[in-house]
Amino acid sequence: MPWFPVKKIRKQMKLLLLLLLLTCAAWLTYVHLSLARQGRALRQRLGYGRDGEKLTGVTDGRGIQVAPSTQRVEDSSESLEEEQASEGQDPNMVLPGRTGRLTPLNLTHQPPPWREEYKGQVNLHVFEDWCGGAVGHLRRNLHFPLFPHTRTTVKKLAVSPKWKNYGLRIFGFIHPARDGDVQFSVASDDNSEFWLSPDESPMAAQLVAFVGKTGAEWTAPGEFTKFSSQVSKPRRLMASRRYYFELLHKQDDRGSDHVEVGWRAFLPGLKFEVISSAHISLYTDESALKMDHVAHVPQSPASHMGRHLPQEEPSADMLRPDPRDTFFLTPRMEPSSLENVLEPCTYAPTYVVKDFPIARYQGLQFVYLSFVYPNDHTRLTHMETDNKCFYRESPLYLERFGFYKYMKMDEEEGKEDEEEEVQRRAFLFLNTDDFLDEGELPDSLEPTELSSPQSSHGSTTPMAPTEGRAMLAQPAPPSPQDERNLRHSRALSWAARAAHTLPLFLGRAPPPRPAAQQLPPKVYVTRVRPGQRASPQAPAPRSQPWSPFPGAFLHRRLLPGVQLRMPPRPPRPIGHRTSGPQATRPQLPTRVQASQEGREGQVHTPAPMAHTVDLNSSSEAQSVTSFLSLSQVSRPQLPGEGEGEYEEEGEDNGAPGQEAASEESEEAAGRPLGRWREDAINWQRTFSVGAMDFELLRSDWNDLRCNVSGNLQLPEAEAVDVVAQYMERLNARHGGRFALLRIVNVEKRRDSARGSRFLLELELQERGGGRLRLSEYVFLRLPGARVGDADAESLEPVLAASARPDGRPELCRPLRLAWRQDVMVHFIVPVKNQARWVAQFLADMAALHMRTGDSHFSVVLVDFESQDMDVERALRAAQLPRYQYLRRTGNFERSAGLQAGVDAVEDASSIVFLCDLHIHFPPNILDGIRKHCVEGRLAFAPVVMRLGCGSSPVDPHGYWEVNGFGLFGIYKSDFDRVGGMNTEEFRDQWGGEDWELLDRVLQAGLEVERLRLRNFYHHYHSRRGMWGTRSRGGPRAAGS
């Protein structure tokens, strides 16, 4: 057995362990260096910066958010306080954008060199014309934090510009007066945040105090203790050091704007004092820097935390992914392989207004819209809360009645209340069988019953008939119970009919009431039918049915009561009712007494007396119309009503004015609330509705009224039919080599006289190959359509597509209507003193080039002596494939600038896109411009969505600019042919030059394609300081 030194190993165990640890450390060092050469070095513990400072909410190299639980506590005397402060900082952490990845932070580690003359003031950056009251709204500003509207300084941490819709970023250093624990507090209207670093590094700034997070919170000036979040925890500061701070403030359009920061020693009873100029200093001097110099601007966690507010779902349907957005990346089929698929035909639409004289700015009426399939979701459905112009209804009508006219309520058999039915319908017509023809005389007077007013002082006596006059029949005195039922009914009770019921307008009549609930067959008589006289000694039986009068209709009327319309006649004296048997009955006033008995407490307005009945007229039937108030026939009977009404209506010995006064006094007295019952709600009510396609109500005319409706929708059956015909011809030509994967986009321009033009964009699978993109124009010509002399300049012969046996339209290939994929596009942009927007535009163009890999575009900037930046130097620094810089002198002129930019383009067969500076472009903008611009045929005027104040492309709120044609794409040869921009008339102004250019483009025989592009936005921007204008009063801002 070999000898093994066990005892020696035990004695040297510590030495062996140390040797093992050194070996592991050497191996880890070797692995780290090896990976470092490959760019994959081992990462240190997350939550620490390069110098060991503790960070909160930072990201690693892959952009993954670090959870607070994984962060280590810094070994310092104030570690616990900083940890608590960091955990309570901005909850709106950096969230994934639309790409699903986090934006890596570019924080500033070391401040610039500090000088003693910096003391006494701090840096102030202003972001103007930006809505919202939360600091999170400020972070969503496109130019925050590098490109403010104004750079200046302030001498104390208490600012009140007395302005609205702005945001402030105040930063610099704090110099404590003595060592010790200090508490900070911030007060503002609206929200604000105060960030403080434990040293002079902006990267280590932490949120220590804030006012609100939603924009609804605010404080009064000097109110430092309103919210618990306003006051920070004690912070240990030293007088020999300076500490970086950052103050963010957001103000909306309401309230008294202010923001101030106070501090106090951490001792009982001390109050907060505003930090004065003796304890602050600048971060750096910006007075000699231009607005495009941003390398000195500090970037701290305060500048980036919560820049994107959390959103589970996109606020607009347009933000959802669509195959159109990235279809341009698919390889396109060669146009040469598609030339012989369809027979050629001449394309000359009838809506082209070539050489047609049109008035100034009348070209807007000759621009037609195209239909799109499938739905591109350009309709701004999220903006239809207040703007419902898509539905073609009056806003007042929708506000009052809504969409109930599209719904048919289901009625329960035998359970629909008659009074509710009358309320729901506006008009009630009687049965036509109950009317007499004109000229037909009744054989005898039909018995009726009219309730006469009762009085506690005496009873009324039937009036004696007068010779030659048609009088009312006086019934027998009713019983008290019947009288109560008659007086308090709010609906017209007709006698039951055995043969038929009374029909209602827009529906069927209500079913008859059960016998137990049916009221006695009484009726309020408005006027007897002309005919024989009725004898008062022979009253009609109460239960005998009554037939309605000829020409009696019930209409809705705002005033209560029944009104008689009679032929004009001189008025007769009105006598008072007496108890004598020979008393004559007075003529009926404007409102008949019968209807007055059916009212309770109605207040009357004085009205002219109605014409009295012609008692000496012939017995021919007169057309009489009775009006009934809707409130009379609809208001339900209330229990206990009418006891006081007997006295009111029974004492009818006074004048009509006295009666109205008594009713008015009773109305003023009011009723107990307990006597009114609540409206019943039918939770089981159902309705019937059909499928509504409001797109069918739209036309292809350029709609200048509605700015939230999207592109016109092409019916699916029509799009599929055209695609099926084309695929049949394609496979017949190439032997079935291509298979259709999906229909990406179909656009149709309709011509009802000759046919329709289609742009087909299909994703195909080639047999034995990869996926290909087919994007071609086709023409669906109507049978028998003739071209005529529509295209006299064309040298090609007039060709027609072969007729199909079934007479249906057939596809053909329109001549001179093919778009080029490799054509150069020149973006023409005039600028003046727009440094932040020029920088943003160049960054967007560089990103477009990087994402698409398309080098066939150029940027032409026409600079009108900008003073806030070196535009030429910025162009050279931008990573653009091509660019041109043109410098002009004088005032800003948009027409002259665009014309100068187009003149600088040498290739006449390239596209010039007249552009604006404040545009957010979608990735497929180059492909969209090329597809819709055809030399000698098509020009392109895309509709841009104008964002509202405080809105961004991530959360778009705004409207489509349906009236603007300033963004215009056209071939340079066509632009020169129509005469270019009108630089003489629009020399010192802009606004209308795009409409004037549109008139000349249409008169030249070109079509103008008008489509709403997805994710194509016009940024909201401030107009202050644009084009070299100066503000009146106030100090001059540094660097602005």
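**Chatting through a predicted model**

User: Starting with one residue: is Cys933 buried or exposed?
Analyst: Cys933 is buried, with a relative accessible area of 0%. Keep in mind that this is a predicted model.

User: And Cys915, buried or exposed?
Analyst: Cys915 counts as buried, because its relative accessibility is 1% and the cut-off for buried is under 20%.

User: OK, zooming out. How many helices and strands are in the protein chain?
Analyst: The chain has 20 helices and 35 strands.

User: What share of the residues is buried?
Analyst: Of the 1040 residues in the protein chain, 48% are buried. The accessible surface comes to about 52,900 Å², and carbon and sulfur atoms hold 53% of that.

User: How much of the contact count comes from residues 24 or more positions apart?
Analyst: Taking contacts with a separation of 6 or more, 80% are between residues that sit 24 or more positions apart.

User: Back to cysteines. How many disulfides does the structure hold?
Analyst: It holds three. Counting bonded cysteines along the chain, they follow the pattern 1-6, 2-5, 3-4.

User: Which cysteine does Cys131 pair with?
Analyst: Cys131 pairs with Cys949, and their sulfur atoms are 1.9 Å apart. The angle about the S-S bond is 110°, and the link is right-handed. This pair links distant parts of the chain, 818 residues apart. Cys131 is in the loop between β1 (122–128) and α4 (135–139), while Cys949 is in the loop between β31 (943–947) and β32 (958–960).

User: Why do Cys131 and Cys949 count as partly exposed?
Analyst: Cys131 has a relative accessible area of 22%, so it is partly exposed. Cys949 is at 25%, so it gets that label too. The buried class needs a value under 20%, and exposed needs over 50%.

User: What about Cys345, which partner does it have?
Analyst: Cys345 forms a disulfide with Cys812, with 1.9 Å between the sulfur atoms. The torsion about that S-S bond is about 65°, so this disulfide is right-handed. Cys345 lies in strand β13 (residues 344–345) and Cys812 in strand β24 (residues 810–814), so the bond ties together parts that are 467 residues apart in sequence.

User: Are Cys345 and Cys812 buried or exposed?
Analyst: Cys345 is buried, with a relative accessible area of 0%. Cys812 counts as buried as well, at 0% relative accessibility.

User: Which cysteine is joined to Cys389?
Analyst: That's Cys706, with an S to S distance of 2.0 Å. The link of Cys389 and Cys706 is right-handed, with 70° about the S-S bond. Cys389 sits in the loop between β14 (371–373) and α7 (395–401), and Cys706 in the loop between β19 (687–688) and β20 (712–713), so parts 317 residues apart in sequence are tied together. Cys389 and Cys706 are buried.

User: New topic: what is the largest nonpolar core made of?
Analyst: The largest nonpolar core has 42 residues, and those touching the most other members are Phe827, Phe841, Leu842, Met845, Leu861, Phe921 and Ile929. Elements giving two or more residues to this core include β25 (825–831), α15 (835–852), β26 (857–863) and β35 (1012–1018). The element that gives the most is α15, with eight residues.

User: What does Phe827 touch?
Analyst: Setting aside neighbours within four places in sequence, the contacts of Phe827 include Met845, Val859, Phe913, Cys915, Phe921 and Ile929. One of those is the buried Cys915 from earlier.

User: How covered is helix α20?
Analyst: Helix α20 (residues 993–1003) is mostly covered, with nine of its 11 residues buried. Among them are Leu997, Leu998, Val1001 and Leu1002, and also Glu993, Asp994 and Arg1000.

User: What do those buried residues pack against?
Analyst: Their partners include α17 (894–903), β30 (938–940), α19 (972–978) and β34 (1007–1009).

User: What follows α20?
Analyst: Gly1005 follows α20, and its phi is positive, near 95°.

User: Last one, on the surface: which residues form the nonpolar patch with Leu17?
Analyst: Met13 and Leu20 join Leu17 there, and the patch has about 280 Å² of accessible area together. Leu17 is in helix α2 (residues 13–37). Its relative accessible area is 47%, so Leu17 is partly exposed.

User: Why would residues three or four places apart in a helix point the same way?
Analyst: An α-helix has 3.6 residues a turn, so positions with that spacing face the same way.

Methods
Residues numbered from 1 in each chain as written. Predicted model: local features only at pLDDT ≥ 70, side-chain atom pairs only at ≥ 80, totals over all residues. Heavy atoms only, no water. Helix = DSSP H or I, 4+ residues; strand = E, 2+ residues; numbered from the N terminus. Buried < 20%, exposed > 50% of the residue type's maximum accessible area, 1.4 Å probe, protein only. Contact = heavy atoms within 4.5 Å. Areas by Shrake-Rupley, 256 points an atom, 1.4 Å probe, with all protein chains shown as cover. Disulfide = S-S within 2.5 Å. Core = buried A, V, L, I, M, F, W, Y, C linked by side-chain atoms within 4.5 Å. Patch = residues over 30% accessible without salt bridge, like charges linked within 9 Å, V, L, I, M, F, W, Y side chains within 5 Å. Salt bridge = Lys/Arg side-chain N within 4 Å of Asp/Glu carboxyl O.
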